Amino acid sequence: MPNERVTPNMGRSFAPASPRRRLSSANHRLTQDFVSDGELERQVTPRLPDVISVTAYYVKILPYYPAPGIYYDEGRNMTFDGSVLMFVWIKKPTLEITLNAVNRAILSVMLADSLNRPAFQLDLVYPSSHVALGNMKETPPVDLGNGWSMVSFPPTPVISTYLIAFAAGPFVSHSLINKDGTLVRSWGWTGQENFLKFSAETAAECLYQMGLYTKIKFPLEKCDHLGLPEHGISGMENFGLVIYKNEIIAYNPY
């Protein structure tokens, strides 16, 4: 069984990625893609053309990482399959649109003269024994069989792309509702149950006080705070899912 690949049946929703490493050129304007043996595959421009503006992303992600009850090809470890459906506005007349992606298809075209930040909707496939988190509050998962589940997160508000985040793992939490009615949760991993109460209570009160000070209530249903063992920076303010180094969030003063 450990050598047998068992993945959820997602039909043609996913586009498997070949193992590769990415190197940026010196002027940072091009990204070079190399296949696993180091051979240059192609050069691509990493940004969308300036004649279009994306208004919505529908993203599906299937990460491969060790977890109880699932099996996959060893060569896929710490990789993922994924797909994205984009809705775009055409900002000015143009004869062509070049998208640097595989399996691309233009389903419809709308003309507009405005520039908007996009909204995001995420479907995350993950090991059923683990917990899935995203910017928005998770919905009840769907059992896909073979140890896999899928959660569909509600669409985000219109936000910048760098604020998008998701996570899956053997997480545990302490949660409460603050005085504004927002669900606030602190997350760690199995064994940290007694180290999350203080950070959850502190975060809940800080979020409430910030709303009083700015006269702007936090707009999401929940605000999660996740501590990870190998996070590269002290913290990242992803909207609704703030991620920290573990030692910043796991603390028990009681």
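Buried means under 20% relative accessible area, exposed means over 50%, and partly exposed lies in between. Keep that handy while you work through this predicted model.

**Exercise 1.** Work out whether Tyr 58 and Phe 87 count as buried, exposed or partly exposed.

*Solution.* Start with Tyr 58: its relative accessibility is 36%, so it counts as partly exposed. Next, Phe 87 has a relative accessible area of 34%, so it is partly exposed too.

**Exercise 2.** Find out how the rings of Tyr 58 and Phe 87 are arranged, and which strands they tie together.

*Solution.* First, look at the geometry: the ring centres are 5.7 Å apart and the planes sit at 70 degrees. Planes over 60 degrees apart count as edge-to-face, so this pair is edge-to-face. Then locate the residues: Tyr 58 is in strand E4 (residues 52-64) and Phe 87 in strand E5 (residues 79-90), so the pair links parts 29 residues apart in sequence.

**Exercise 3.** Do the same for Tyr 64 and Trp 148.

*Solution.* Here the centres are 6.2 Å apart with 85 degrees between the planes, an edge-to-face pair. Tyr 64 belongs to strand E4 and Trp 148 to strand E10, so the pair joins parts 84 residues apart in sequence. Both Tyr 64 and Trp 148 are buried. Now add Tyr 72: together with Tyr 64 and Trp 148, Tyr 72 makes up one aromatic cluster.

**Exercise 4.** Decide where to be careful when reading the model.

*Solution.* Compare the strands: mean confidence is lowest in E1 (residues 20-24), at 34, and highest in E10 (residues 148-152), at 97. Then check residues 11-42, where pLDDT stays under 50. Where pLDDT is low, don't read the predicted coordinates in detail.

Key. Residues are numbered from 1 along each chain as its sequence is written. This is a predicted model: local features need pLDDT of at least 70, side-chain atom pairs count only at pLDDT 80 or more; totals for chains, interfaces and linings use all residues. Side-chain values use heavy atoms; hydrogens and water are left out. pLDDT is the predictor's confidence in each residue, from 0 to 100. Helices (H or I, at least four residues) and strands (E, at least two) are DSSP runs, numbered from the N terminus. Contact means heavy atoms within 4.5 Å. Rings of Phe, Tyr and Trp (its six-membered ring) pair if their centres lie within 6.5 Å; planes under 30 degrees apart count as stacked, over 60 as edge-to-face and the rest as tilted. Buried means under 20% relative accessible area, exposed over 50%, partly exposed in between (1.4 Å probe, protein chains only).
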